[in-house]
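Okay, thanks for coming, everyone. I'll put the model up and then walk you through it piece by piece.

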Amino acid sequence: MAITLAKKYIDKIDEVYKNGLLTAPLELNSTYMREGMNAKDVLIPEYSMTGMGNYNRATGYVNGEVSLSWRSYTFRYDRGRSFSIDNADNMETANVSFGMLAGEFTRTQVIPEIDATRFSEMYKGAGTKVTTVTLTAANIVSEIKKAQGVMNEAEVPAEGRILYMSFAAKSLLEASSEYTKFKSLDFTTDVQTGVQKFDGMKIVGVPQSRFYTAITLYDGTTSGQTAGGYVNAGKNINFMIVHPSAVTAMSKIDNVRVFDKAENQLADAYKYDYRRYHDLWVLKMKEAGVYAVSTPVVGP
C-alpha cells in the first residue's frame with residue numbers, strides 16, 4: 001500500500017506544484033542540463049566562441065574557435081518535512097486526510113517558499129537594481145519603459161520577457177492614465193486565457209509575501225525556527241523583468257516516502273516524508289536579463 005500511496009501523491013504533488021508556482025516558466029531551460037555525480041549536482045552548458053573575421057576570396061574563411069564546457073552547480077536548497085496521519089483520522093475521512101496533506105503542504109508551504117527563494121536569488125544576481133524610486137500611477141509606466149530601455153541596450157531579447165509585479169504595483173499600473181483611458185497599445189489581454197500583457201511582456205502578479213530582496217530560511221529545529229518556512233530578511237520588490245534565458249531554475253523531488261501504518265513502528269499512523277532539492281542561478285554574462293525595482297514602497 002505504501003508504494004501505491006507514494007505514486008498517487010507524488011503525481012498530486014507535481015500537479016499542484018506546476019499549477020501554483022509563479023516562477024515555473026523559468027524552469028524551461030532544464031532541458032539543456034545534465035545530472036551530476038550525485039542527486040544534488042547538476043551540469044549546465046557554457047559556450048565561448050570567437051567573432052567574425054574578413055572573408056578572403058583566395059584563402060576563404062578565417063578559422064574560428066568554439067568550445068562547450070559543462071559547469072557543475074550544486075543545489076544549495078535541500079528542504080523537507082515528515083508528517084504523520086493517525087490511522088483513525090484517515091479512516092474516518094475515507095483517506096481524504098492523506099490526500100489533503102500532500103496537496104495543502106505543496107500549495108501553502110512548498111510553492112511560496114520556492115518562489116520566494118527564486119525571487120531573492122534573481123534580485124541578488126540582477127544586472128540592474130533600482131531602489132530610489134517611489135512608484136505611483138503617474139510614473140509606473142515610464143519606470144517600466146526605462147527598464148525595457150536598459151535591457152534593450154544590453155541586447156536582452158524582447159520576446160519572452162516576463163513582468164513580475166507585486167499586486168500593489170500592478171494596481172498602480174491599472175490605475176495609470178494610459179491603462180484606464182486605453183491611450184496606448186502597450187496594454188493587451190489575451191481573450192482566451194485572460195493573461196494581461198504590457199508591451200508584449202506577460203504580467204504575473206506576485207503576492208508580496210513571496211516578493212522580497214532577501215529571505216531567511218528556518219531550519220525547523222532551532223529555537224524560534226521550529227515552524228519552518230521562511231521570513232523576509234530584506235525589502236519588498238515592486239516589480240522585476242526577467243528574460244528566461246538569463247536564469248536557470250531547477251526543482252527536484254527526491255525520495256518522497258509513504259509508510260503504511262503497519263510499517264510505522266512508532267504509532268498507528270501513516271508517515272509521509274517529503275524532500276525537495278531546488279535552486280535558481282542567474283547565469284554568468286546574462287545578468288542584464290534581470291531588472292528589479294524594490295523599495296521605496298509604492299505610492300498613491
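Before I start pointing at things: when I say two residues touch, I mean they have heavy atoms within 4.5 Å. And keep in mind that this is a predicted model.

So, take Ile-140 as a warm-up. Leaving out residues up to four places away in sequence, Ile-140 touches Leu-135, Met-165, Ala-169, Leu-172, Leu-173 and Ser-176.

Now the overview. We've got a protein chain of 300 residues, and 44% of them count as buried. The secondary structure comes to six helices and 16 strands. If you take the contacts with a separation of 6 or more, 76% of them are between residues 24 or more positions apart. On the outside, the accessible surface is about 16400 Å², and carbon and sulfur atoms own 53% of that.

Okay, the sheet. It's an open one with seven strands, in the order 5-16-12-6-9-8-7, and the pairing is mixed. Which strands stand at the edges? Those are strand 5, residues 128–130, and strand 7, residues 187–189; each has a single partner strand, so one side of each has no neighbour in the sheet. On average, neighbouring strands here are turned by 25 degrees against each other, if you ignore direction.

Let's look at the strand 7 end. Strand 7 is joined to strand 8 by three bridges, and the two run antiparallel. One pair to find on your screen: Phe-187, whose bridge partner in strand 8 is Phe-198.

Two helices pack on this sheet, and I'll take them in turn. Helix 4 touches strand 5, strand 6, strand 7, strand 8, strand 9, strand 12 and strand 16, and its direction makes about 35 degrees with that of strand 12. Helix 5 touches strand 6, strand 7, strand 8, strand 9 and strand 12, and its direction makes about 105 degrees with that of strand 6.

Now zoom in on strand 6. Is it buried or exposed? Five of its five residues are buried, so the rest of the structure largely encloses this strand. In a regular strand, side chains alternate between the two faces of the sheet. Here, Ile-162, Tyr-164 and Ser-166 point one way, while Leu-163 and Met-165 point the other. As for its partners, strand 6 has five bridges to strand 9, running parallel, and Tyr-164 is paired with Val-204 there. With strand 12 there are four bridges, running antiparallel, and Ile-162 has Val-242 as its bridge partner in strand 12.

Next, the greasy stuff. The largest nonpolar core has 22 residues, and the ones with the most contacts inside it are Ile-140, Ile-144, Leu-163, Met-165, Leu-173, Phe-198 and Phe-239. Helix 4, strand 6, helix 5, strand 9, strand 12 and strand 16 each put in at least two residues. Helix 4 gives the largest share of this core, five residues. Apart from that core there's another one, of 21 residues, including Tyr-123, Ile-162, Val-247 and Val-290.

Let me stop at Gly-205, which sits in strand 9. Its relative accessibility is 16%, so it counts as buried. Setting aside neighbours within four places in sequence, Gly-205 is in contact with Leu-22, Met-165, Phe-167 and Lys-170. Gly-205 and Ser-171 are 34 residues apart in sequence, and C-alpha to C-alpha they are 9.7 Å apart in space.

Here's one for the charge people: Arg-118, over in helix 3. Arg-118 has a relative accessible area of 1%, so it counts as buried. Its side chain makes a polar contact of 3.0 Å with the side chain of Thr-23. Beyond residues up to four places away, Arg-118 also touches a list that includes Tyr-17, Glu-27, Met-250 and Asp-279.

Last stop, two backbone oddities. Glu-155 isn't a glycine, but its phi is positive, near 65 degrees. You'll find Glu-155 in the loop between helix 4 and strand 6, and it's exposed, with a relative accessible area of 69%. Asp-199 is the other one I picked, also not a glycine, with a positive phi of about 50 degrees. Asp-199 lies in the loop between strand 8 and strand 9 and is partly exposed, at 37% relative accessible area.

That's my tour, so go ahead and spin the model around.

Methods:
Residues are numbered from 1 along each chain as its sequence is written. This is a predicted model: local features need pLDDT of at least 70, side-chain atom pairs count only at pLDDT 80 or more; totals for chains, interfaces and linings use all residues. Side-chain values use heavy atoms; hydrogens and water are left out. Buried means under 20% relative accessible area, exposed over 50%, partly exposed in between (1.4 Å probe, protein chains only). Accessible areas come from the Shrake-Rupley method with a 1.4 Å probe; for residues, only the protein chains shown count as cover. Two strands pair if DSSP finds at least two bridges between them. A polar contact is a pair of N or O atoms within 3.5 Å; within protein, one must be able to donate a hydrogen and the other to accept it, and residues adjacent in sequence count only if both atoms are side-chain atoms. A nonpolar core is a set of buried Ala, Val, Leu, Ile, Met, Phe, Trp, Tyr and Cys residues joined through side-chain atoms within 4.5 Å. Axes are lines fitted to C-alpha atoms, for helices over the stretch in contact, and angles run from 0 to 180 degrees between N-to-C directions.
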